[in-house]
Amino acid sequence: MSIPKFSLLLFFFFVTSLFYSPSLAEIRSSEVRSDDRPIIPFDEFGFTHRGRLELNVSKISLGVPSNPSSLDLSKVGFFLCTRDTWMHVLEQIEDAEITCAIQSDIVKLVYTFDKLHDNSSFDTLFVETDSDQYSLVFANCCPQLKVSMTVRSAMYNLDAKSGNRDYLSAGKAILPRIYFVFSLVYFCLCIFWTFLLFKKRLTIHAIHFFMLAVIILKALNLLCEAEDKSYIKRTGSAHGWDVLFYIFSFLKGIMLFTLIVLIGTGWSFLKPYLQDKEKKVLMIVIPLQVIANIAQVVIDEDGPYGDEWVTWKQVFLLVDVICCCAVLFPIVWSIKNLREAAKSDGKAAVNLMKLTLFRQYYVVVICYIYFTRVVVYALETITSYRYLWTSVVAGEVATLAFYLFTGFKFRPEVHNPYFMIDDEEEEAASEALKFGDEFEL
């Protein structure tokens with residue numbers, strides 16, 4: 001394998017893993033079986049000046065190539081490096097200064113396999129005093145050498161005062177408190193919304209109870225995530241809270257997208273039924289959300305070392321984009337139908353108010369999707385690793401603002417223009433909706 005091709009292959013594996021890798025860490029066990037990849041990325045972690053890496057590798061088995069005399073195990077092992085360091089390593093390989101990343105003097109060498117001495121396992125403690133965000137990487141610069149092993153890694157920072165271990169990456173150590181505060185905010189919203197539904201019980205619709213369910217699931221989801229991160233921070237393990245988090249995240253995701261679709265169709269206040277094309281949207285969104293949540297579990301639990309990790313990440317991003325686009329169709333159809341109704345039934349003033357509301361909601365949904373999918377990721381990318389919590393806060397604030405806007409605009413209120421529908425208007429709206437049936441999804 002030529003040096004330029006080898007370096008490009010290294011660059012592909014490493015940059016891809018960094019582009020998608022989470023900055024949370026915990027005590028993680030990974031199994032590598034007959035793998036000949038030149039670079040296998042494991043976890044990424046933000047160290048302070050009191051950082052530690054505990055690495056335990058067992059059941060090591062080397063598939064020796066056809067020419068064992070050329071086997072140099074000093075080119076096989078683990079190292080730590082930052083993103084900037086990796087770019088310099090690539091330059092060294094391109095300039096033929098080195099033939100393997102592990103030979104570079106600018107990476108943090110953790111362990112090389114030439115120290116095994118016929119052993120099949122090793123334990124090492126690496127002390128990191130330079131604060132930065134590092135990736136734990138396994139390098140195999142011996143062509144055709146297949147490696148099998150079980151890797152147990154634990155990266156953490158020591159508290160300067162108490163000396164306790166913190167298994168959350170620097171910059172995300174305060175996430176448990178952030179999630180807990182937002183969960184309290186949503187529980188307060190649940191109480192307020194329940195009080196509002198009781199007070200306005202004569203004007204409520206089925207969609208308002210659906211909104212309450214979404215808020216409750218969001219609050220429970222944040223509470224479980226706060227406990228999940230809290231246990232990881234203190235012990236390195238979620239102690240089962242991750243299971244509850246995945247359950248509530250799954251339910252919340254499905255309910256939120258379904259709610260946006262139902263509001264966009266005007267279900268329960270414009271009409272008590274769904275058209276066939278609107279049912280098709282739900283039939284697309286709900287299964288895709290199931291796939292997205294399965295992909296999220298694989299991404300979180302498997303880690304970037306897996307062969308299919310990047311594929312699952314791409315599946316998750318693709319499915320999420322499709323869902324975000326699909327929920328916009330019902331809103332567009334409702335805008336079209338209200339525009340047609342305003343021309344036909346002579347009640348342009350009321351329909352114009354509804355049309356304006358739908359247009360506002362359409363814009364807000366697009367802004368919410370764009371901000372939480374693009375801006376938050378960009379913020380996480382450009383922000384220093386010490387302030388990665390800011391991207392989480394930005395995403396949660398945007399989500400809270402979207403929930404508040406939806407609740408305020410579609411609250412149970414007699415004078416809400418969205419609910420001002422008399423019998424004649426309802427009949428005209430129904431005719432307009434039937435007219436829209438010819439435009440299938």
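1. Helices, of at least four residues, and strands, of at least two, are taken here as DSSP runs and are numbered from the N terminus. On that basis the protein, which is a predicted model, has 11 helices and 9 strands.

2. For the chain as a whole, buried residues make up 50% of the 441 residues, and the accessible surface comes to about 20,700 Å², with 62% of that area belonging to carbon and sulfur atoms. Among contacts with a separation of 6 or more, 81% are accounted for by residues that lie 24 or more positions apart.

3. One open sheet deserves a closer description: 4 strands form it in the order 2-7-4-5, and their pairing is antiparallel. Strand 2 (39–47) and strand 5 (108–112) stand at its edges, and because each has a single partner strand, one side of each is left without a neighbour in the sheet. Direction ignored, neighbouring strands of this sheet are turned against each other by 20 degrees on average.

4. Within the sheet, strand 4 (residues 76–81) and strand 7 (residues 132–140) pair in the antiparallel sense, and 6 bridges connect them. Cys-81 has Ser-135, a residue of strand 7, as its bridge partner.

5. The sheet also carries a helix, namely helix 2 (residues 83–94), which packs on the sheet and touches both strand 2 and strand 4. The direction of helix 2 makes about 125 degrees with that of strand 4, while strand 2, the other strand touched by this helix, is one of the edge strands described above.

Note on methods: Residues are numbered from 1 along each chain as its sequence is written. This is a predicted model: local features need pLDDT of at least 70, side-chain atom pairs count only at pLDDT 80 or more; totals for chains, interfaces and linings use all residues. Side-chain values use heavy atoms; hydrogens and water are left out. Buried means under 20% relative accessible area, exposed over 50%, partly exposed in between (1.4 Å probe, protein chains only). Contact means heavy atoms within 4.5 Å. Accessible areas come from the Shrake-Rupley method with a 1.4 Å probe; for residues, only the protein chains shown count as cover. Two strands pair if DSSP finds at least two bridges between them. Axes are lines fitted to C-alpha atoms, for helices over the stretch in contact, and angles run from 0 to 180 degrees between N-to-C directions.
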